[in-house]
Amino acid sequence: MNNPVVAEQSEQTSEPGVQGPDYEVVVIGAGVGGIYQIKRLIDLGVKATVLEGEDDLGGTWYRNRYPGARFDSESFTYGYSWDQEILDEWHWTEMFSPQPETLKYLNFVAEKFGLREHMQFNCYVEKMVFDEGANTWTLFLKDGRILTTHFVLTAIGLLSVPTLPRIDGVDDYKGQAFHTFNWPHEPINLTGQRVAVIGTGATSIQLIPEVAKEAAHLTVFQRRPNWAAPLNNREISEEEMAEIRSRYDEIFATCARTPGGFEHEPDRRGFYTVSEEERRELWDRLYDGPGFGIWLQNFVEIFMDENANAEFSEYIAERIRQRVDDPELAEKLIPKDHGFGIQRVPLETGYFETYNRDNVTFVDASETPIERITESGIQTSDQHYEFDIIVYATGFDAFTGAFDRIDIRGVNGESLRDKWADGPVTYLGLLVEGFPNLLMISGPQTASTNFPRGAELAVNWATELLEHMWSSELSRFEATPSAEQDWFDHVVKMYEPFLLKTAQSWITGYNSNLDGHEYGNTRYNIYNGGGPKYADRLRQEAQDGYQGLNID
Ligand code: NAP
């Protein structure tokens with residue numbers, strides 16, 4: 001097997017007759033997962049590189065530059081946990097960091113450890129083929145280069161392929177139009193502009209209040225409302241940051257103990273064992289509290305029991321009615337087809353009050369559907385609207401989209417795209433049978449948690465497996481068919497107790513703009529067992545000597 005120790009960092013192209021692959025490990029993607037992964041590999045002295053399709057690092061935080069973009073995780077639970085100096089030096093200025101600060105943070109980390117020199121930008125991988133004779137992968141890049149590597153680790157994100165609406169005329173529009181993921185890097189002056197936003201998911205719910213503050217007029221096209229609750233963001237002072245720093249060990253220990261990887265712990269008193277007054281007292285507190293508390297510090301029954309969910313949903317509906325002046329409009333903003341928390345809950349800052357503004361128009365696209373995009377605006381079944389800017393906040397080809405874009409060929413030329421045509425099938429969300437020496441960081445069917453908490457877990461597990469390979473002079477690993485089937489069955493079973501299984505959401509694979517992603521064609525995209533159970537399962541697999549893998 002090839003010596004993994006770094007030779008000179010190289011950008012060579014494979015040539016016939018040259019011994020050994022170009023790299024021991026190629027990491028695809030320079031976002032939150034890829035940055036940590038390359039740090040682990042270079043610390044081990046491994047000849048590794050990151051290939052990033054964009055012209056800079058940051059992944060999600062490089063792309064999503066729309067006004068209002070920020071994460072819904074408390075900043076200090078979102079940062080990396082693996083380096084004391086980062087924890088000591090970095091100051092989060094807000095409870096929920098806005099996109100520019102998060103991107104700055106990722107650059108700070110990359111620069112601190114000299115990670116940029118191990119990254120190659122504008123390197124979009126179009127195709128990768130497993131070479132069964134050499135146990136290596138050959139990567140074909142968009143720029144024409146061909147690279148070989150022993151192992152590939154994908155860190156390509158779960159929401160990194162935006163989808164535009166399948167509405168006639170999208171290409172006819174003559175004004176400025178873009179998906180939120182492609183919000184231009186140069187600032188856009190919305191002053192005096194007539195802006196349309198299509199879609200009302202988590203992205204849009206962050207965007208709408210910000211656009212309304214600036215634009216001459218904002219028109220929102222909503223097909224289905226989403227439940228949303230206040231983010232309750234605020235600044236973090238120097239003193240508070242010092243206090244947070246002193247608690248980092250405790251913070252990360254709590255994140256490791258809770259199902260979602262946050263500090264929010266479910267209320268385990270039991271929905272039916274406390275009185276209605278006590279339930280309301282908890283909900284009032286959570287509604288005024290920060291972040292996902294309203295979702296994750298709630299009674300666990302909310303997620304599984306229709307009656308409990310209905311009572312809580314009605315509580316939130318009341319809060320919405322109190323915030324929207326027009327009662328008829330308030331009703332349109334309250335979901336009737338699903339309960340609170342069944343879909344990923346968007347968090348908002350003044351979202352509902354935005355509809356009280358004179359410069360905001362709400363269009364119910366379920367009653368008067370969008371018929372086509374025209375040269376100058378949007379035609380619904382009811383009327384034509386003229387716009388200067390159209391923003392598509394229409395979601396993503398979640399989880400599998402980023403894999404489908406690469407033509408990945410495993411054993412016997414099998415295509416991963418074909419294997420996953422009806423939804424992902426994995427072993428532990430990290431491996432796929434038939435695709436040896438490939439590991440996925442934050443791939444489908446990993447625990448759905450605060451993103452970096454799950455990514456760090458995956459990076460650590462993947463790195464440990466590679467270390468095992470190197471120390472035992474092994475050259476090929478692959479999930480066994482039975483291990484993969486067992487994991488898939490378990491993933492499916494873990495959807496059963498939860499109302500989430502009925503969600504018309506990207507979490508269950510729904511996307512009205514993609515064939516095969518119709519509501520009802522459930523794709524088992526996430527592991528619902530929670531972070532701690534998932535981490536235990538990973539630990540067990542390593543401790544047992546990787547029983548679910550064939551290793552040669
Ligand atoms: P999304 O939740 O999938 O929402 C897409 C929206 O577009 C939906 O309202 C959908 O309506 C609408 N839509 C799609 N096609 C349409 C069409 N042809 N006509 C009219 N409406 C159409 O996407 P998203 O808002 O980008 O959020 C995706 C995920 O990104 C979130 O759930 C979250 O996990 C993540 N995110 C995170 C943060 C954060 O951390 N703070 C912020 C933003 C997003 P239907 O429901 O009717 O299909």
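**Exercise 1. Pairing in the sheet**

Which residue in β9 is the bridge partner of Arg-194? Work this out in the predicted model, then place the two strands in their sheet.

*Solution.* Start with the bridge itself: Arg-194 has His-217 as its partner in β9. Next, look at the strands as units. Strand β8 covers residues 194-198 and strand β9 covers residues 217-222, and five bridges join them in the parallel sense. Now step back to the sheet, which is open and has five strands in the order β7-β16-β8-β9-β12, with parallel pairing. At its edges lie β7 (176-179) and β12 (360-364), each of which pairs on one side only. From one strand to the next, the twist averages 15°.

**Exercise 2. A strand with two neighbours**

Describe how β16 pairs with β7 and β8, and find out whether its two faces are covered.

*Solution.* Begin with β7: this strand and β16 pair in the parallel sense over four bridges. Within that pairing, Gln-176 has Ile-389 of β16 as its bridge partner. Turn then to β8, which is also joined to β16 by four bridges in the parallel sense. Here Val-195 stands opposite Ile-389 in β16. Finally, check the faces of β16 (residues 389-392): Ile-389 and Val-391 are buried on one side, and Ile-390 and Tyr-392 are buried on the other, so you will find both faces covered.

**Exercise 3. The two sides of a helix**

Sort residues of helix α8 into buried and exposed, and say what the buried ones pack against.

*Solution.* First collect the buried residues of α8 (residues 248-257): Tyr-248, Ile-251, Phe-252, Thr-254 and Cys-255. Viewed down the helix axis, these buried residues fall within an arc of 155°, and therefore they line one face of α8. Then look at the other side of α8, where Asp-249 and Ala-256 are exposed. Last, trace the partners: the buried residues of α8 pack against α3 (75-78), α4 (84-89), α7 (238-246) and α16.

**Exercise 4. Two packed helices**

Characterise the packing of α16 and α18 by geometry, and then by the residues in contact.

*Solution.* Take the geometry first. Helix α16 (residues 451-471) packs with helix α18 (residues 531-543) at an angle of about 5°, and their axes are 11 Å apart. Angles under 35 degrees count as roughly parallel, so α16 is roughly parallel to α18. Now list the contact: α16 contributes Leu-457, Trp-461 and Glu-464, while α18 contributes Tyr-534, Ala-535, Leu-538, Glu-541 and Ala-542. Sorted by class, this contact of α16 with α18 has six nonpolar residues, two charged ones and no polar ones.

How values were computed. Residues numbered from 1 in each chain as written. Predicted model: local features only at pLDDT ≥ 70, side-chain atom pairs only at ≥ 80, totals over all residues. Heavy atoms only, no water. Axes fitted to C-alpha atoms, helices over the stretch in contact; angles between N-to-C directions. Parallel < 35°, antiparallel > 145°, perpendicular 65-115°, else oblique. Contact = heavy atoms within 4.5 Å. Nonpolar A, V, L, I, M, F, W, Y, C, P; charged D, E, K, R; others polar. Pairing = 2+ DSSP bridges. Buried < 20%, exposed > 50% of the residue type's maximum accessible area, 1.4 Å probe, protein only. Arc of directions from axis to C-beta.
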